[in-house]
Every structure is written in structure tokens, then in C-alpha cells.
Protein chains: 2
Amino acid sequence: MNTLSYGLLALLTRGPRSGYELMQHIQPIWQAKHSQIYPLLALMEKRGFVQYVPVAQKDKPDKKVYSLTDEGIAALREWVPEPTGDPVKRDEMLLKVYCIGFIEPAQARQLFEERMRMYQCKIEKYHRMLDDLGSETVQAVEAGRMEHPGFGSYILLKRAIGQAESDLDWCRWVVGLLQLNPTGSVGN
Amino acid sequence: MNTLSYGLLALLTRGPRSGYELMQHIQPIWQAKHSQIYPLLALMEKRGFVQYVPVAQKDKPDKKVYSLTDEGIAALREWVPEPTGDPVKRDEMLLKVYCIGFIEPAQARQLFEERMRMYQCKIEKYHRMLDDLGSETVQAVEAGRMEHPGFGSYILLKRAIGQAESDLDWCRWVVGLLQLNPTGSVGN
DNA sequence: TGTATATATGTACATATTTACATATATTTG
DNA sequence: CAAATATATGTAAATATGTACATATATACA
């Protein structure tokens, strides 16, 4: 049971999910490939933390829909109060920014503009996901009812939006600075 | 040559550094242990990207001070325009927040208050590092002179502060929500 | 005096993560 | 019609990362 395994149990508190769905939903919080997730699910199934039912689909491949067992919930409850690991953040772009003094100005601008597009897409996506949670969830959150299903998703989305907007603002600020010096072509 | 190796080359654009110093300075952007960094430096030394001079110290163990070679600078310049990897963010705390509906309210509050302390410490540390860069760097940044040594460090610190402040605000907001419901003791 | 921390470098081993290979079906795109 | 993409699950192998061990010196703390 590593951190990702507990993360999968955490996702399953929202209800039954296939391995494929778990892989998709965990990406914003914890990047992992399916090749890492499937073996962990198989292990947790052996240990009795999760169970699955095979579901046949027309027009799509069959899937295994996993759900939490009582033992899985117990494992989750034991994990939460344990010391929480420090956040891991690794961003190649920031390493490139570190040596910006050695970079062609045009390449520097491209680095930041690429990221601006990325953050804008993410912000839009997260807003759509917020909308999908519905007004009932909004009311539960505003009332501080953390037991409400959707409370966790809502506050995590708010955080993700805040982070992306902060980074987007930063990119805009830097691009503004870079444009003060017309080294190279200002137009593309 | 993996991403971390290029990152070490990027740090060395600021001037000669020991492996130990590189390990310390790269932490905010890319977490890595010394056990990963020392072998990479040895490899890059073999390949001629960096060179070192042994420096004897009184009161402290001897060290190897690495610096960039022309080949190292060339490698750096080839790396920058290559496609940039997506940022990797893994935070156990967010996984715990995801299943906040299954958590004891007191544990939830603790989770956020711990993080608030962490972010406050980081913000203070980053502000001290900004101050250490001096007013000359501030002027260079405000003039958009990206070739100035310190431009990269300055804008990276500004970003780190923005991110930490965004997260701190988020934690405060959530703690405020949790206090709306007096489940359990409000005082410690 | 034993224990911890900081400086400083290194290796060995275990674990985590990514990439590549494998398979099957339906849809979209060129 | 061929190629890519999305759904869906899995394994094998390579790489990246973390933990533990190893050594040496100085300082702080109990």
C-alpha cells in the first residue's frame, strides 16, 4: 500500500469506478499511467480492500467496476491521520526559466506563451467541472457540510483554478517584461 | 542526460557550485536527493559537460566545485527549444482532501492548518531570498533585461510566492467553511 | 558522553514511475 | 481505405527516485 493505492481508495469513496475511470480522475491530483494503476488495483483486490464486478459493454470493451469494501474504508481511515507527505512538484519549464539568461528571447517568449495556453485550457476545463457539480453541491460547500458528496471535489477544483490562475498571471507578467526589450521580432 | 541533469546544468549558469549546493538550490523547482545528484554529476563530468576542482576546507569536509564547460553550455542550448515536459504535481494531502467526507472533522482541520503553517514558512523564506537578490536585480527585472544574472531567480521566486499565497488563501477559505459547522470542539 | 544537525560525497538496494509491447472494438480524421 | 483516437485491461522492461548504509568533521544539546 503506497500513496497512490490510498489515493485510489479515496477516489472510490465517490462510488464504483472502473480502473480506466480511476486513472482519468486521479490525473489532476496525482499523475499515474494505467500500467501503474491496474497492478495496484489487482493487489488491493487480493488484500480485500476493493472488489470488482465484470461489466460487459456493447460498442466498448468490457470493464471491471471496482468498489470499496469495509476493509478498504477501514484502511482509508487509518491512512488519513498518518503524517502527510510533502507535495512533489517537478516542472521542466521552471528549470528552463532558471537559465533564461542563456536563452534566445524568442524561445523564452514561446516557453511562457505555451504555458499560458495550457493554463487557460485547464481553467476552462475546471470551470466546466465545477458547473457539473451543480448548485446543490455549491450550497453544501457554502454551508461547510464536508460530509456532502462533492464537497471534496468542489474545494479541490477551486484550488486547482486558483493555482492555474496564479501561474497564468505570472506568465502574463513575465511576457510583459520580455516585451519591454524589443530583442528580436516582437511579432511572430 | 535526463531532465534533472539538464536542470543541474541550468543551475550552474549562475556560477560554480558544489554538488551539495546544487542539491539544496534545486529543491524548490525539482525535488531530488543527493544520492541521485552525485552520480549524475559524475556522469556529466565524464561526458565533458561539467568540470570540477577539489576544494579543501577547514572546519568542513572537502568538496568538489563544479562548473559548466563550453560543451555543457552547448547541451543546455540544445535542450531549451526541445518540447517541454508537462509539470508533475503529486500531493498526498489533496488525496486526503478528496475523501474529506469520510474524515473526522478535527483531522480535516488539522490537515489544512498544517499546510497553512507550511505555506507561511515558505512565503517568508522566499521573501528573504527575494531581498537577498538586491535592488539592482529588481531594476533589471523591471526593465525586462532577461540576460541579467538574477532575472531567472527573481521571476521564479515571484512565481513560488504566488503559488504559495494562492494555496494559503485556499486553506484559510476551507478552514472558514469547516468552522461553520461546530462538529467536534472548535477550540483545540 | 551519546544524540542530533549541518556540511560534504558517495554507493547499494528497494520502490515508484514511465515507456513499450500486446490485444480488441468503435469512431473520427485524412 | 489507412491512421489516429478513445475505450478498456494487462505485462515486461527501463528509468527515475527514495531509503539506507558508509565515512569524516564541527557544532549544539541534553
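This short talk goes through a predicted model of two protein chains, A and B, with two DNA strands, C and D.

I will start with chain A by itself. The domain assignment splits chain A into domain 1, residues 3-79, and domain 2, residues 92-179. Between the C-alpha centres of these two domains of chain A the distance is 27 Å.

Next, the two chains together. How many residues of chain B are in contact with chain A? The count is 72 residues of chain B, in contact with 72 residues of chain A. Between them the chains bury about 7,200 Å², and 63% of that area is on carbon and sulfur atoms. Which three residues supply more of the area that chain B buries against chain A than any other three? They are R90(B), L95(B) and Y98(B), with 12%.

On the polar side, 35 residue pairs are in polar contact between chain B and chain A, counting pairs with both residues at pLDDT 80 or more. There are also two salt bridges between the chains. One of the two joins D167(A) and R159(B), whose closest N and O atoms are 2.9 Å apart.

As for where the contact comes from, several elements of chain B each give at least two residues to the side that touches chain A. The list is helix 1 (3-12), helix 4 (70-79), strand 4 (88-90), helix 5 (92-98), helix 6 (105-142) and helix 7 (151-178). Helix 7 of chain B has the largest share, at 17 residues. Sorted by class, this side of chain B has 40 nonpolar, 15 polar and 17 charged residues.

Now the DNA, beginning with strand D. Around DNA strand D there are 23 residues, and the closest are Y20(A), H34(A), K64(A), S35(B) and Q36(B). Of the atoms of DNA strand D that come within 4 Å of the protein, 64% belong to sugar and phosphate. Which elements each supply at least two residues of the surface near DNA strand D? From chain A they are helix 2 (19-26), helix 3 (34-47) and strand 3 (63-68), and from chain B helix 3 (34-46). That surface has six nonpolar, 10 polar and seven charged residues.

Some individual contacts to strand D follow. Y38(A) places a polar side-chain atom 3.0 Å from a phosphate oxygen of DNA strand D. For Q57(A), a polar side-chain atom is 2.8 Å from a phosphate oxygen of that strand. R90(A) has a side-chain N or O atom 2.9 Å from a sugar or linking oxygen of DNA strand D.

Strand C comes last. DNA strand C is surrounded by 23 residues, with S35(A), Q36(A), Y20(B), H34(B) and K64(B) the closest. Sugar and phosphate make up 62% of the atoms of DNA strand C that come within 4 Å of the protein. Helix 3 of chain A, and helix 2 (19-26), helix 3 and strand 3 (63-68) of chain B, each give at least two residues to the surface near DNA strand C. By class, that surface divides into six nonpolar, 10 polar and seven charged residues.

Which part of DNA strand C does the side chain of H34(B) approach? A side-chain N or O atom of H34(B) is 2.7 Å from a base oxygen. Y38(B) has a polar side-chain atom 3.1 Å from a phosphate oxygen of DNA strand C. With D59(A), a polar backbone atom is 3.4 Å from a sugar or linking oxygen of DNA strand C.

Note on methods:
Residues are numbered from 1 along each chain as its sequence is written. Chains are lettered from A and ligands numbered from 1 in the order in which they are written. This is a predicted model: local features need pLDDT of at least 70, side-chain atom pairs count only at pLDDT 80 or more; totals for chains, interfaces and linings use all residues. Side-chain values use heavy atoms; hydrogens and water are left out. Domain bounds come from an automatic or database domain assignment. A residue is near a molecule or strand if one of its heavy atoms lies within 4 Å of it. A polar contact is a pair of N or O atoms within 3.5 Å; within protein, one must be able to donate a hydrogen and the other to accept it, and residues adjacent in sequence count only if both atoms are side-chain atoms. Helices (H or I, at least four residues) and strands (E, at least two) are DSSP runs, numbered from the N terminus. Ala, Val, Leu, Ile, Met, Phe, Trp, Tyr, Cys and Pro count as nonpolar, Asp, Glu, Lys and Arg as charged, and the others, Gly among them, as polar. Contact means heavy atoms within 4.5 Å. Buried area is the accessible area (1.4 Å probe) that two parts lose on being put together, summed over both. A salt bridge is a side-chain nitrogen of Lys or Arg within 4 Å of a carboxyl oxygen of Asp or Glu.
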